[in-house]
Amino acid sequence: MAQTPYEVLGVKPGASADEIRKVYRKLAKQFHPDLNPGKPEAEERFKSISAAYDLLSDPEKRGRYDRGEIDETGAERPPRGYYRGHAEGAQGWRYQPEGEMDLSDLEDLFAAFGSAGGRRARGQTGAGFRAPGADRQFTLTVEFVTAATGGKQRLSLAPEEWLDVTIPAGIEDGQVLRLRGKGGPGFGGGATGDALIEVHVAPHPMFRRDGDNVLLELPVSLAEAVLGARVSVPTVTGPVTMTIPKGSDTGRQLRLRGKGIQKKPPGDEIVTLKVLIGHTSDSELAAFLEKWAQQHPFDPRQGMPAA
């Protein structure tokens, strides 16, 4: 039996949204593929964690799941009744089913009206009744890099029914993909419905998105910031080598063109430097800086207004 989203995250069904968020962030960092190279089991665990958080972080979806209206993948569960919920529908569509309908159900409906439609549905006479199949709704969580660069991801439509979904580069969180002919079957020769897939992008431990640009905060050492260096920088298309100019401060931004969201044209990656001192117990460095500061007075807060 598949685990519930609560079991995947290791929280109780009554857990608060804040508790779920904290547990997810901890697990996402622990099992993220970028931090576990060559470990497919970690990648699968990360996907399960992201899918569970996608469902439980949305109050509406969580409520529907708790009421049994959708399953752990976000797919609709078969309704208990077909007709009563549609009695107030638009003219001509009041009894269009949300899910798949058995032929016997439709025949019983025609028989209840005592019309010739019952005979036509049985294929005895007339042109027959035709209706399009219902659309099927699903949710799919994809990794940040997949959303940025594009790719394929497998989606479970039913216990033994799978579909490889093509993810276009640059897809945004909440965007809906329509797959023609992947919904419920039509009746009487009617067209098959579509699959509507709402895509959610899992947060990344390093990257953030800003339009078509990708933002990254890059730690650098004091020596690299002062003396300049060439360092390896992660991007959504793989690591690249970047030059850090001499005398770079924390907060300085450098641009890697074409390394952002891989649309046409692609966006850029904006790298913000974060200078880390490292070990502060180095007496030699402390002595040097003390002497250097006396010879080169500098007030980094000059010009700031008084509180």
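Hi everyone, let me start in the middle of things: the buried residues of helix 2 are covered by, among others, helix 1 (5-9), helix 3 (40-56) and helix 4 (59-66). Before I go on, please keep in mind that what we have here is a predicted model.

So what does helix 2 itself look like? Helix 2 runs over residues 17-31, which makes 15 residues. From its first C-alpha to its last it reaches 21 Å, close to the 21 Å expected at 1.5 Å a residue.

Which residues of helix 2 are buried? They are I20, Y24, L27, A28 and F31. These five sit on the same side of helix 2, because they cover an arc of only 105 degrees around the axis. Turn to the face pointing away from that buried side, and you meet the exposed residues K22, R25, K26 and K29.

Now for a lysine in another helix. K61 lies in helix 4, one of the helices I mentioned as covering the buried residues of helix 2. Is K61 buried or exposed? Its relative accessibility is 11%, and buried means under 20%, so K61 counts as buried. And what is K61 in contact with, once we leave aside its neighbours within four places in sequence? The list is D54, L55, I70, T139, E198 and H200.

Let's move on to a sheet. Four strands make up an open sheet, in the order 6-7-11-10, and the pairing is mixed. Its edges are strand 6 (207-210) and strand 10 (253-256), each of which pairs on one side only. On average, neighbouring strands in this sheet are turned by 35 degrees against each other, with direction ignored.

If you'd like to zoom in on one pair, take strand 6 and strand 7, the latter being residues 213-221. They pair in the antiparallel sense, over four bridges. Within that pair, D210 stands opposite N213 in strand 7.

Finally, let me step back to the whole chain. Its secondary structure comes to nine helices and 11 strands. There are 307 residues, and 33% of them count as buried. How much of the contact network joins residues at least 24 apart? Among contacts between residues at least 6 apart in sequence, the share is 50%. As for the accessible surface, the chain comes to about 19,500 Å², and 51% of that belongs to carbon and sulfur atoms.

That's my tour, thanks for listening!

Key. Residues are numbered from 1 along each chain as its sequence is written. This is a predicted model: local features need pLDDT of at least 70, side-chain atom pairs count only at pLDDT 80 or more; totals for chains, interfaces and linings use all residues. Side-chain values use heavy atoms; hydrogens and water are left out. Two strands pair if DSSP finds at least two bridges between them. Helices (H or I, at least four residues) and strands (E, at least two) are DSSP runs, numbered from the N terminus. Axes are lines fitted to C-alpha atoms, for helices over the stretch in contact, and angles run from 0 to 180 degrees between N-to-C directions. The expected span of a helix is 1.5 Å times one less than its number of residues. Buried means under 20% relative accessible area, exposed over 50%, partly exposed in between (1.4 Å probe, protein chains only). The arc is that of the directions from the helix axis to the C-beta atoms. Contact means heavy atoms within 4.5 Å. Accessible areas come from the Shrake-Rupley method with a 1.4 Å probe; for residues, only the protein chains shown count as cover.
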